[in-house]
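Trainee: I'm new to this one. Can we talk through it together, and will you show me how each label is earned?

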Amino acid sequence: MLPIIPEQQRMPVHVYVYAIAIANMLCIRLVSAFTIYESHAFRPISIPHHSTILRMSTSRMMQKSEPHVPRTHNINVRNRAHLILLSASVNTETEAEIKLKQKQEKKQTFLKSEREAIAKKKDYLRGAGVFKKVKRDVTEAMKEQFDSDLMNEMKETPNFMLVKDGVELYLAKDHGFCWGVERSINLAYSAVETFPDAQLHITNELIHNPMVNDKLHAKNVNFIEKDEDNVKDFSQIAEGDVVMLPAFGATLDEMRELDAKNVKVVDTTCPWVAKVWNTVHTHQVRGLTSIIHGKYGHEETMATKSMCETYVCVKNLEEAEYIADFMLNAKKGDGSAEKFMAKFAKASSSHFDPHKHLVKIGLANQTTMYKKETRSIGQLLQKTVMKRFGPDLINEHYYEFDTICDATQVRQDAVDELCNMHEDPDQPDLDFIIVVGGFDSSNTAHLLEIPQMRGVPSYHINEASCIRADNTIKHRTVSGEIVESESLLKSPMEMNVSDGIPKTLRIGITSGASTPDKEVQDALGRIIMLNKLYNDTPELTV
Ligand code: SF4
């Protein structure tokens with residue numbers, strides 16, 4: 001029961017307010033409030049609805065007041081106002097603290113938190129620091145296996161150009177192994193050295209390069225098979241084994257599964273890929289749908305998708321245009337959502353609803369896509385959002401963060417330069433550009449697109465053996481077909497210029513970010529040999 005104090009003994013209400021505030025500051029809030037309350041009567045006061053105090057949760061206040069005022073108590077307006085005031089004084093958390101707590105609680109539901117929780121475990125190894133002891137030996141072994149004298153010779157010339165056995169070789173200034181791939185191989189080799197007695201596995205391929213993968217096979221590393229839907233069979237992994245994650249990362253489901261198996265994980269994911277995951281995390285925090293410029297079946301994009309709450313993948317500008325058109329013109333019930341889902345069924349999250357999920361969007365990309373295309377897609381989406389919602393609301397509906405990795409970008413720029421040289425009338429034209437890299441390697445495939453778009457003859461091969469002694473070449477086209485073409489080198493008759501002097505064979509050279517220089521050297525060796533063969537023995541010409 002609350003004590004009743006005669007009218008003449010009551011003090012004005014502001015005295016109570018100040019008293020409570022001072023008690024608060026002295027950190028004796030609860031005791032002070034009740035002491036004051038219990039020794040003085042209460043007088044009706046009016047508290048404005050917008051007051052901070054009123055914003056406190058009523059249920060919370062009721063709970064805190066429970067020992068004194070049971071929920072069943074019939075609280076009149078006077079008492080309720082007083083309880084609000086009292087509760088404000090007894091609550092030890094500030095509004096900012098409550099907000100922070102709510103934010104932290106919410107954060108627990110983010111996919112990134114789960115990924116980080118797994119990655120923090122002691123058997124989850126990442127970063128070169130964990131393999132310091134074997135670092136020097138591993139670095140030397142890699143140099144020996146992947147370096148090339150011929151390529152080093154070219155790199156030492158001012159224009160990366162060399163004449164070798166009568167063939168002019170023009171090397172793209174940026175080519176071959178990127179930092180992320182070298183790091184990944186280094187970690188994998190280090191794991192082999194550090195755990196000689198353990199069974200080691202790689203979740204499919206470490207990188208997309210046959211030479212590197214063969215070397216790992218030779219070290220008894222098991223490559224986990226995947227089915228046509230890219231699902232990997234982890235049944236062969238036993239407790240205590242060591243499992244390496246590739247440079248392009250692993251999906252969250254794979255991380256969960258491995259976590260449950262009690263294995264050591266060596267994570268070789270490239271930090272540039274992790275940067276994309278951070279971008280899609282930002283999308284999730286901001287309630288945006290991730291539009292991923294990438295191939296939905298590519299390993300890296302699969303990992304990125306698994307870190308997204310809501311996503312749709314677009315493989316090129318054309319698909320992005322389809323999305324833009326939907327955003328501007330589709331109406332509920334006109335059948336466009338069904339058509340959209342038929343097109344993007346495999347490329348979007350399971351709960352995707354285009355009417356609902358194309359209102360607030362963010363752009364992310366597979367790190368190895370063609371950077372000019374990513375930019376065009378970004379511009380298109382930005383314009384679309386502006387058209388639909390107006391320029392003032394662009395920040396509310398669109399977020400973009402460039403995640404094309406530097407290695408991809410500089411390699412694309414360098415092959416562009418070779419094309420410039422070919423087109424420049426004052427510079428020698430090239431017979432063709434040879435692009436060396438795995439057929440599954442997305443960044444290598446994009447290196448081919450550039451000369452092909454610019455009309456420079458070019459071939460993408462995955463290893464030296466694609467160039468054959470019968471002057472044929474096995475290569476991958478821009479559309480992804482593996483084909484065989486005849487007459488890689490023209491016959492001496494075709495190559496001769498009008499004055500009868502044989503034209504020098506000129507080749508542009510580049511290689512993907514997962515291609516060792518040694519592989520390129522082997523391919524060039526074959527071309528040089530073929531050229532010699534044809535020039536020395538014209539009867540062999542086709
Ligand atoms: S191409 Fe870029 S993202 Fe891929 S491994 Fe290399 S540095 Fe990393």
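Trainee: Which element gives the largest share of the shell around the ligand?

Mentor: That's α9, with 3 residues. Keep in mind that we're looking at a predicted model.

Trainee: Which elements give two or more residues to that shell?

Mentor: They are α9 (179–194), α12 (271–286) and α19 (406–423). In total, 15 residues surround the ligand, and the closest are Cys178, Gly180, Cys270, Trp272 and Cys405.

Trainee: What makes a residue count as part of the shell?

Mentor: Its C-beta atom, placed from the backbone, has to lie within 6 Å of the molecule.

Trainee: How many residues of the shell are nonpolar, polar and charged?

Mentor: There are 10 nonpolar, 5 polar and no charged ones. Cys and Trp count as nonpolar, while Gly counts as polar.

Trainee: Now Ala141. Why is Ala141 called partly exposed?

Mentor: Count the neighbours: Ala141 has 17 other C-beta atoms within 10 Å. Buried takes 20 or more, and exposed takes 12 or fewer. With 17, Ala141 falls in between, so it's partly exposed.

Trainee: Where is Ala141 found?

Mentor: In helix α7, which covers residues 135–146. Its C-alpha atom is 9.0 Å from that of Tyr189, although the two residues are 48 apart along the chain.

Trainee: And across the whole protein, what percentage of residues is buried?

Mentor: It's 37% of the 542 residues. The protein has 22 helices and 16 strands.

Definitions and conventions: Residues are numbered from 1 along each chain as its sequence is written. This is a predicted model: local features need pLDDT of at least 70, side-chain atom pairs count only at pLDDT 80 or more; totals for chains, interfaces and linings use all residues. Helices (H or I, at least four residues) and strands (E, at least two) are DSSP runs, numbered from the N terminus.
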